[in-house]
Amino acid sequence: MKRIFLFVLTNVAVVVVLGIVASLLGVNRFLTANGLDLTALLGFALIMGFGGAFISLLISKPVAKWSAGVQIIDQPRNADEAWIVETVRKLSEKAGIGMPEVGIFEGAPNAFATGAFKNSSLVAVSTGLLQGMTREEIEAVLAHEVAHVANGDMVTMALIQGVMNTFVVFLSRVIGYAVDSFLRRGSDSNSGPGIGYYVSTIVLDIVLGFAAAIVVAWFSRQREFRADSGAAQLMGRKQPMMNALARLGGMQPGELPKAVEAMGITGGMGKLFATHPPIEERIAALQNSQV
């Protein structure tokens, strides 16, 4: 439950914090003497929703390096590092994207890709994955991450998160205003929103944020199937990716920082909030694919 809670919290924290700050600073200009200005509220919600999502996207690469402790391979120190860099280079050229930064981080088996732009991304693998897989399986995992970059998944997820954040901000304030109006019925005071509005809005930001996280996680799971298929296409056959997934199924996957968990090769547990489908479903999807 701790993993699920922390994952969802990262998706709603920006909206909640920005909402509180906006209220304290008095920038809720959609609250007028005559009630809600829905047009102004929608504009406010769009700025809040997409602002937080794109700020997270733009800082995703430096945050990933810091939080996962990624060591970038500027100059390969041994044959293994040289092979990893060359493999990513070949896969990137085949996928039609710029060469990503390549890094290694300490930990149990996992890998991830991140970055705001296709031609300025980061692909990182863990020491546990490198030690526990064959080179062909590692190549399949790298192809999976390169496919994420080529598919523009980081931007797609930011857009989806922005849409969901916008709905959260809009609906929480409409409902909060209705609750506040109900609690203050019969009052002649026009001094602005009351405590009912502020409490309702904060609570609804959190509750609706959890609901939005379920939708975002569903999109994330669909994206994983596409990245698996993309890896098979980059390698010219699907068996290496199937072997890599089977190998991962027999390992204890490592936890990634929440900022990049959705871009990892494996994800957290829990059906509704899981960012990755079960390994068995991913293997079955590849078996039934036309790659």
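This report describes a sheet, the helix packed on it, and two aromatic pairs in a predicted model.

## The sheet

The sheet is open and has four strands, ordered E3-E4-E6-E5, with mixed pairing. Its edges are strand E3 (71–72) and strand E5 (111–117). Each of these has a single partner strand, so one side of each is left without a neighbour in the sheet.

Strands of a sheet pair through backbone hydrogen bonds, either parallel or antiparallel. Here E5 and strand E6 (residues 120–126) run antiparallel and are joined by five bridges. Phe112 has Ala124 in E6 as its bridge partner.

## The helix on the sheet

Helix H3 (residues 60–68) packs on this sheet and touches E3, strand E4 (101–105), E5 and E6. The direction of H3 makes about 150° with that of E5.

## Aromatic pairs

There are four aromatic pairs in the structure. One of them is formed by Phe50 and Phe54, whose rings are stacked, with 6.3 Å centre to centre and 20° between the planes. Both residues belong to helix H2 (residues 38–58); because they are four residues apart there, about one helical turn separates them. Phe50 is partly exposed at 22% relative accessible area, and Phe54 is also partly exposed, at 29%.

Tyr197 and Tyr198 form an edge-to-face pair, because their planes stand at 75°, with the ring centres 5.3 Å apart; the angle cut-off for this class is over 60 degrees. Tyr197 is buried, with 1% relative accessibility, whereas Tyr198 is partly exposed at 30%. The cut-off for buried is under 20% relative accessible area.

Notes: Residues numbered from 1 in each chain as written. Predicted model: local features only at pLDDT ≥ 70, side-chain atom pairs only at ≥ 80, totals over all residues. Heavy atoms only, no water. Pairing = 2+ DSSP bridges. Helix = DSSP H or I, 4+ residues; strand = E, 2+ residues; numbered from the N terminus. Contact = heavy atoms within 4.5 Å. Axes fitted to C-alpha atoms, helices over the stretch in contact; angles between N-to-C directions. Phe/Tyr/Trp six-rings, centres within 6.5 Å; stacked < 30°, edge-to-face > 60°. Buried < 20%, exposed > 50% of the residue type's maximum accessible area, 1.4 Å probe, protein only.
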